[in-house]
Amino acid sequence: VLGGSLTFFCLWCLPEELVVVTVATRETDGFKRFFRSAKHFNYTVKVLGEGEKWKSGDHTSSPGGGQKVRLLKAAVEDMKDEKQILLFVESYDVVFASGPSELLKKFQQARHKVVFSSESLIWPDRHLEDKHPHVAEGNRFLGSGGFIGHLPNIKEMLADWTGEDTDSDQLFFTNIYIDPVKRKSINITLDSRCRLFQNLHGALDDVVLKFEDGRVRARNVLYDTLPVVIHGNGPTKINYLGNYIPNMWTFETGCTACHEDLRPLTAEYPLVLIAIFIQQPTPFVEVFFERLLRLQYPKNRLKLFIYNQEAHHEGQLSSFVKDHGSLYQDVKLVGPEEEMDQAASRNLGFDVCRKDEDCDYLFVLDIEVVLENEETLQILIEQNLPIVAPMITRVGRLWSNFWGALSAEGYYARSEDYVDIVQGRRVGVWSVPYLSSVYLVKAGLLRSELSTYELFTSSLLDPDMAYCHNVRGQGVFMYVTNMHTFGRILSTQNYQTSHLHNDLWQIFENPVDWQERYIHENYTRIMRDQLIETPCPDVYWFPILSDVGCNHIVEEMEHFGKWSGGATTDNRIQGGYENVPTIDIHMNQINFEKEWQKFLLEYIAPITEKMYPGYFTKCSTPLNFVVRYKPDEQPLLVPHHDASTFTINVALNSKDLDYQGGGCRFLRYNCSVQAPRKGWTLLHPGRLTHYHEGLPTTGGVRYIAVSFVDP
């Protein structure tokens, strides 16, 4: 009367008659996620095995799970209401994507008394493949991680269980399903097209996110279905889908759970051990420690563990500890003499916190991390998560310190949201299967789930992969947050250690860090705030190099030490003759020519093109050099033209502080710049109009960097 048997069938199939049963011997992060999704859809869940020791092993890689069957059999024997419909699901790697009404409707449409989830891969006995019934469309093999059925039929199915806790639940249910007599008697079928259950193992490429009306579903694109139960079985776990389903993150709301269960920092700050690892020659180590000092956290609540594998960095590390070590509650150093590999050093650092009863958190920080956000540590602690990393990236690349997903083999796989997260189009706190370089760990984990000493040790995996594998194996979730901008990671490729100040050569590999270190802090304000001065006609004066940049160039030249004699004969230049010689060292003598050329293109050319409208330069130059003026060596330079279209002249030290006298005079205009500012450059035409001389240096030593551009 009401539209046929389907409508009639659902009238007595009411949500309140549904019983959801799962097994969870302990409350893991995965269980909390499962329970959150169940609560969202008003599922009532009966949990079996709470507090019981788990005996069924890790059946993601080997058979097991019999303990679940034993617990379920005992539970259904106590259930008396024959009208009940029982849904059994895993909990550590499952989320609900929809509510009971849709689940029950799809169950009834299956027209069987018991419906199992399906898989495209057979497990654990491949020899049984031929005994599985063929299906018209979809997956052919049974998955034991989820099934739904009428209570009497499930009781009948479980009645024959006499196995051990270590036996395979999957094999038990498979043997029932492939037995034609039992399959018919119990009335079992598979959810072959994934309308109720979606097992992710072997199907990662088949499942995508579907956003609709403020909620998120998983869509199976192979069968065009919207599963109700999402199960990250096998090595896949829940994958990145758990960051969205059912409403963890939507385009309308953003992250809905990012501000839940936060830990506000009060006057009593938790004690944090910062474990710093120096595994290879790395640029900008001095800057790393400067940033560490600026970290906004009480230093009397910080301890440092520093492992340094590189003798090259011993001096920088010693200086930091000597000057600032007393600020911290404790500093422990482990040096190259210990000859520890990466895994051993990290195992040791973790164990220092594990054994320290006062240690509340371990903050892992690799030396190549550029942590620009001074509040990073506070932000991570406030998230109150077991393991959480600030997202950092490599400039100009999609590389980051996390993986969005795992492949079926347990290696890197790019999730469909990875690029959006890295580029900040999706902002939140994301559960991830792998992280590295910088992260915060609750110390309590190191004394419980992660108490194994050799967390980083593996004969097959690199240390970071081994660590994350062990963390995942204990059911501990790792998170990365991109809710703030935290910093970046340096490139250590092509880093040479043969110079005095090796960071000077990093303009190609790490241009952002090179600029922060060596370019004047006011350079970016030159045009906006009109910082360019015009001391003489067509002569422009503006800040270009930082104090550190000036110092490092001077020190590098003096370290090289092979100053020219100031003679007109000069084999370093084409033709071998210098009309107006200086005491100098050419940039190419210290193999700094291409780096200086890059500096000219990036920082001088844009100013030139603004000041001399219509002139565009590629900054070709045969001569880049540092000149040294001393009263008893070469105090001045006679009037001359430069062999250039334009010249830059950068003051590398300070008048009155480092030398007296000096300056540059343009004869045609009777105009002088007699008080050069350290780090500022003069930009002026080289030929015809700007005949000039170097004024006498009367005391000390004056250094300038000169380039004849576009000869």
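1. Which residues does tyrosine 439 touch, not counting residues up to four places away in sequence? They are Phe350, Leu362, Phe363, Val364, Ile387, Val388, Ala389, Pro390, Phe456 and Tyr467. Touching is contact, meaning heavy atoms within 4.5 Å.

2. A word on the basis. This is a predicted model, where local features need pLDDT of at least 70, side-chain atom pairs count only at pLDDT 80 or more, and totals for chains, interfaces and linings use all residues. Residues are numbered from 1 along each chain as its sequence is written, and side-chain values use heavy atoms, with hydrogens and water left out.

3. The largest nonpolar core has 58 residues. Such a core is a set of buried Ala, Val, Leu, Ile, Met, Phe, Trp, Tyr and Cys residues joined through side-chain atoms within 4.5 Å; buried means under 20% relative accessible area with a 1.4 Å probe, protein chains only. Phe350, Ile387, Tyr439 and Tyr467 have the most contacts inside this core.

4. A second, separate core has 46 residues. Trp514, Phe592, Leu600 and Tyr612 are among them.

5. Now the pockets. About 900 Å³ of space lies in the second largest one. A pocket is an open set of points on a 1 Å grid over the protein atoms alone, where a 1.4 Å probe fits, with protein on both sides within 12 Å along at least five of seven lines; lining residues have an atom within 4 Å of a point. The volume is the space filled by probe spheres set on the points, which are joined across faces, edges and corners.

6. This second largest pocket is lined by 35 residues. Asp29, Lys32, Asp261, Leu385 and Tyr479 are the closest to its centre.

Technical notes:
Buried < 20%, exposed > 50% of the residue type's maximum accessible area, 1.4 Å probe, protein only.
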